[in-house]
Amino acid sequence: MTDIQNLKDKVQRQIDQIAPQLIECSDWMADHPEIGLEEFQASAKLSQMLEEAGAEVERGIAGLPTAFQGTVAGSGLDGATVAILAEYDALPDVGHGCGHNLIGNAAIGAGMALSLLRREGALDDLPGKVIVIGTPAEENTGGKIDLLEGGYFKDVDAAIMMHPATSDQIAARHMTVMGVEFEFHGKPAHAAFDPHQGVNALDAVIQTFVNIGLLRQQVHPEARIHGVITNGGGAVNIIPAFAACRFGIRSFDVKYARELKGRVIDCARAAATATGARLEYRDFMRPYLSYIPNDVFGAVIKANMQQLGRSVGKAADVNASTDFGNVSQVVPTAYASFGLCDPDVGWHSKEVAAATKTEHGHDVLVSAAKTLAMSALDILFDPELVTRAKREHQSATENG
């Protein structure tokens, strides 16, 4: 019978040995941030580290040049497949203000440790297999959606990842988000000489914001609607002939998010009617669906975080969205949050990016890598866990 704790001890020691390499890469990424679908250097560094540890790496998968998949341990013939997900895209202006440099290196660290142990023969009796999937563009286009559509999660039985946060916990629900863009076409005129000859497209945008502001009183308390003006016209002495805006619509309930999106579109239609402008609208992003946590796998990750001496708090719903939610709709998933910053630090900020380079940020990275690797071992060596997780997932998706 396999001594799983002995393997966990070995994987911890292995990650301690490669920790300087992981930290160096993470800090380099913090200093050289790349936005979604442009993470060429980060993707190359991470996949190369995985390959040098003995993983079999395939790059440019699902038609995404910066996506990759590495098989790090096991054959997959006799058991489950566990996917450890890496993210590595940054945000415009603030860099790694969401800590994806930690996410990417934690996943790669877990994969490297398992691959190195396999190379030493320590995992010869590992049932199933572990893969690391590099998933680009979480912040803008949702690379995990492309990977889902490309079939890269078809044979996955468990998908796990980490995310820096304000406290240690197992992530609970995240919101669905849908994005719609409105373009209003009016008629230009001199704003002083003959404004009555014009049709003000900016008025239609402003009226859309007013309508949506009034709508907010009648939406579910947990729902969110937020927007920006992307084009407000040019010179002040010209009636704007074109104006545009974008809105994000969020809810924990996918069905309600779709309903609310329809009401937001009606607000824009009403604004077009009131001003005489012509409306065009389209989705500017693919929906990020609600994240469904899996309590069975979540308990595994929590136990390993605690074994590493971390104090894991009670999970709470998160008023944010992720393309990992789309994965959770089809695969049982678990999502570990590691406390990086105090709650008063604004997320998606330069302060978060700076925190990833601190000693505490480095500790988060190493602890997360150990947690992911240890949890993958627990899942693979206990088929009953996988059975219970799939049963829970089926119930959650059927009732959702």
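This passage describes a four-stranded sheet, the cysteines and the salt bridges of a predicted model.

The sheet is open and consists of 4 strands in the order E8-E9-E7-E10, with antiparallel pairing. In general, the strands of a sheet pair through backbone hydrogen bonds, in either a parallel or an antiparallel arrangement. At the edges of this sheet are strand E8, residues 224-231, and strand E10, residues 278-288, each of which pairs on one side only. The average turn between neighbouring strands of the sheet is 20°, with direction ignored. Strand E7, which covers residues 176-185, pairs with E10 in the antiparallel sense, and 8 bridges join the two. Within this pairing, Val180 has Asp283 of E10 as its bridge partner.

Two helices lie across the strands of this sheet. Helix H5, made up of residues 201-215, lies across E7, E8 and strand E9 (242-251). The direction of H5 is at about 20° to that of E9. Helix H6, made up of residues 254-275, lies across E7, E8, E9 and E10. In this case the angle is given relative to E7, and H6 runs at about 15° to that strand.

The cysteines were examined next. A search of the whole structure gives 0 disulfides. Cys25 takes part in no disulfide, and the nearest cysteine sulfur, which belongs to Cys98, is 18 Å away. Cys25 has a relative accessibility of 6% and therefore counts as buried. For Cys267, the closest cysteine sulfur is that of Cys245, at 11 Å, and because this is too far, no bond is formed between them. A disulfide would require the two sulfur atoms to be within 2.5 Å. Cys267 is also buried, because its relative accessible area is 10%, and the limit for a buried residue is under 20%.

Salt bridges number 20 in the model. One of them joins the side chains of Glu87 and Lys144, with an N to O distance of 2.5 Å. The two residues come from distant parts of the chain and are 57 residues apart. Glu87 is in the loop between strand E3 (81-86) and helix H3 (100-119), whereas Lys144 is in helix H4, residues 143-149. Glu87 counts as buried because its relative accessibility is 0%. Lys144 is likewise buried, with a relative accessible area of 0%.

Another salt bridge is formed by Lys154 and Asp155, whose closest N and O atoms are 3.4 Å apart. Both of these residues are exposed. A further salt bridge links Asp157 with Lys390, and here the closest N and O atoms are 2.5 Å apart. Asp157 lies in the loop between H4 and strand E5 (158-165), and Lys390 lies in helix H11 (residues 383-399), so this pair ties together parts that are 233 residues apart in sequence. Asp157 has a relative accessibility of 12% and so counts as buried. Lys390, at 38% relative accessibility, counts as partly exposed.

Salt bridges also link residues into a network, whose members are Glu181, Glu183, Arg246, Arg278, Glu280 and Arg282. Glu181 and Glu183 belong to E7, which spans residues 176-185. Arg246 falls in E9, residues 242-251. Arg278, Glu280 and Arg282 fall in E10, residues 278-288.

Definitions and conventions:
Residues are numbered from 1 along each chain as its sequence is written. This is a predicted model: local features need pLDDT of at least 70, side-chain atom pairs count only at pLDDT 80 or more; totals for chains, interfaces and linings use all residues. Side-chain values use heavy atoms; hydrogens and water are left out. Two strands pair if DSSP finds at least two bridges between them. Axes are lines fitted to C-alpha atoms, for helices over the stretch in contact, and angles run from 0 to 180 degrees between N-to-C directions. Contact means heavy atoms within 4.5 Å. Buried means under 20% relative accessible area, exposed over 50%, partly exposed in between (1.4 Å probe, protein chains only).
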